[in-house]
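Work through the following exercises with the structure open beside you, and try each task before reading its solution.

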Amino acid sequence: MSRYQTGLSGEHRAEKYLCEQGMRCEARRYRGADGEIDLVMLDGDAVVFVEVKSRPGKPMGSGLLAVTPDKQRRMTNAATAFLVEYGWLDRPARFDVVEISADGILHVPNAFISRK
């Protein structure tokens, strides 16, 4: 399986998992001017911007290290564009990371705080 296909498969698994936790998918692969959000979920009134890291051959935790400060900045910029586009600037928002690894699924809510 190519990296692209692995990523898509991971995003589908993450979306299914989050929906099972009571969230609802609002958008997939949202592109802002400076970045992309893998999944935009709604958790009640909260808008959840989700980065999915698929690491099928690696131990749990290795994908979290890939969400660098630069990646966080780009996600924050894309999230801001999303909130403006949807008119949701007044809604609570957070950034989650979902890692898919050989060990299963790890969901980290509030994985980082926007530094914008």
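**Exercise 1: the span of a helix**

Task: in this predicted model, compare the span that the 18 residues of α1 should have with the distance between its end C-alpha atoms.

Solution: Begin with the expectation, which at 1.5 Å a residue is 26 Å for the 18 residues of α1. Then turn to the model, where the end C-alpha atoms of α1 are 26 Å apart, so the two values agree. For α2, residues 69–86, the same steps apply: this helix has 18 residues and reaches 25 Å from its first C-alpha to its last, which is close to the expected 26 Å.

**Exercise 2: the buried sides**

Task: find the buried residues of α1 and the strands against which they pack.

Solution: The buried residues of α1 are Thr 6, Gly 10, Glu 11, Ala 14, Glu 15 and Leu 18, and they pack against β1, β2, β3, β4 and β5. Turning next to α2, its buried residues include Met 75, Phe 82 and Leu 83, and the buried residues of α2 pack against β1, β2, β3, β4 and β5.

**Exercise 3: after the helices**

Task: locate Gln 21 and decide whether this residue is buried, partly exposed or exposed.

Solution: Gln 21 lies in the loop between α1 (3–20) and β1 (24–31). Because its relative accessibility is 46%, and partly exposed covers the range between 20% and 50%, Gln 21 counts as partly exposed. Gly 22, which follows α1, has a positive phi near 100°, while Gly 87, just after α2, takes a positive phi of about 70°.

Definitions and conventions: Residues numbered from 1 in each chain as written. Predicted model: local features only at pLDDT ≥ 70, side-chain atom pairs only at ≥ 80, totals over all residues. Heavy atoms only, no water. Helix = DSSP H or I, 4+ residues; strand = E, 2+ residues; numbered from the N terminus. Buried < 20%, exposed > 50% of the residue type's maximum accessible area, 1.4 Å probe, protein only. Expected span 1.5 Å × (residues − 1). Contact = heavy atoms within 4.5 Å.
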